[in-house]
Amino acid sequence: MRFLQKITGAETPTLAGIRIIFIAYWLFLSFVLLVYNPFAFVPIDEEFVEHGFGIELDAHVAVFILLGVLGMVSHYRRPGWLFVVFLLYAGITEYLQGFTGRCPDWNDVLNNSLGLMYGCGGWWICRKLPHGLRRK
């Protein structure tokens, strides 16, 4: 575990593991967002995803909530800058989809951004809770 700590610059082994998971998830998400037919590579039913994973939630919102939470929990030193990078990422991936044969959509950019606001905002609110309401 010390090797992972050294690579990621994390203070604890748990944080190093979270950072590795975050980076792997971000790379996987980039791949899925930029290939022509992501369902050819991801073994999941397309209708299941299009209908919000069985809950009333857009797929773009769901995957970007997870990206936001993982990024913020990774304790990068400047969460505000990370949020800005995520917003740029949300727009750039949609723009780049136009070069892969997929159709970029402003609604997807909006949903990506909403997911980031929910994930990063939820993390920020939990960080600001009184000490009695969050774990020590």
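About 9100 Å² of the protein is exposed, and carbon and sulfur atoms supply 67% of that area. Please keep in mind as you read that this is a predicted model. Buried residues make up 32% of the 136 residues.

The fold is easy to describe: the protein has six helices and zero strands. Reading from the N terminus, the elements run α-α-α-α-α-α. Among contacts with a separation of 6 or more, 62% join residues that are 24 or more positions apart. Some of these helices come up again and again below, so let us start with what lies inside.

The largest nonpolar core has 15 residues, and those with the most contacts inside it are Leu29, Phe64, Leu67, Phe86, Tyr89 and Leu116. Four helices, α2 (13-34), α4 (59-73), α5 and α6, each supply at least two residues of this core. This fits a general tendency: in soluble globular proteins, nonpolar side chains tend to be buried together. Tyrosine 89 is a good residue to click on here. Once its neighbours within four places in sequence are set aside, tyrosine 89 is in contact with Trp26, Leu29, Ser30, Leu33, Phe64 and Leu67. Leu29, Phe64 and Leu67 from that list are also among the residues with the most contacts inside the core.

Now follow helix α5 to glutamine 97, which is found in that helix. Is glutamine 97 buried or exposed? Its relative accessibility is 1%, so glutamine 97 counts as buried, the cut-off being under 20%. Apart from residues within four places in sequence, glutamine 97 is in contact with Leu33, Leu34, Arg102, Cys103 and Pro104.

A little further along the chain, the picture changes. Phenylalanine 99 sits in the loop between α5 (79-97) and α6 (106-128). Because its relative accessibility is 61%, phenylalanine 99 counts as exposed. Phe99 is also part of a nonpolar patch on the surface, together with Trp81, Val84, Leu88, Ile92, Tyr95 and Leu96. The accessible area of this patch comes to about 780 Å² in total.

Next, take a look at helix α6, where tyrosine 118 lies. With 48% relative accessibility, tyrosine 118 counts as partly exposed. Which residues does tyrosine 118 touch, not counting those up to four places away in sequence? They are Val61 and Ile65. The C-alpha atoms of tyrosine 118 and valine 69 are separated by 8.7 Å, although their positions lie 49 residues apart along the chain.

Methionine 117 lies in helix α6 as well. Methionine 117 has 43% relative accessibility and therefore counts as partly exposed. Leaving aside neighbours within four places in sequence, methionine 117 is in contact with Phe83 and Gly122. Its C-alpha atom is 7.7 Å from that of glycine 68, a residue 49 positions away along the chain.

A similar reach across the sequence can be found in helix α2, which holds isoleucine 18. Isoleucine 18 counts as partly exposed because its relative accessibility is 23%. Not counting residues up to four places away in sequence, isoleucine 18 touches Leu70, Val73 and Ser74. From C-alpha to C-alpha, isoleucine 18 and leucine 70 are 7.3 Å apart in space, while in sequence they are 52 residues apart.

Finally, a word on the cysteines. A disulfide is a covalent bond between the sulfur atoms of two cysteines. How many disulfides does the model contain? With sulfur atoms required to be within 2.5 Å of each other, the count comes to zero disulfides. Two of the cysteines are still worth a look for their surroundings. Cysteine 120 counts as buried because its relative accessibility is 6%, whereas cysteine 126, at 47% relative accessibility, counts as partly exposed.

Terms used:
Residues numbered from 1 in each chain as written. Predicted model: local features only at pLDDT ≥ 70, side-chain atom pairs only at ≥ 80, totals over all residues. Heavy atoms only, no water. Patch = residues over 30% accessible without salt bridge, like charges linked within 9 Å, V, L, I, M, F, W, Y side chains within 5 Å. Areas by Shrake-Rupley, 256 points an atom, 1.4 Å probe, with all protein chains shown as cover. Salt bridge = Lys/Arg side-chain N within 4 Å of Asp/Glu carboxyl O. Buried < 20%, exposed > 50% of the residue type's maximum accessible area, 1.4 Å probe, protein only. Contact = heavy atoms within 4.5 Å. Core = buried A, V, L, I, M, F, W, Y, C linked by side-chain atoms within 4.5 Å.
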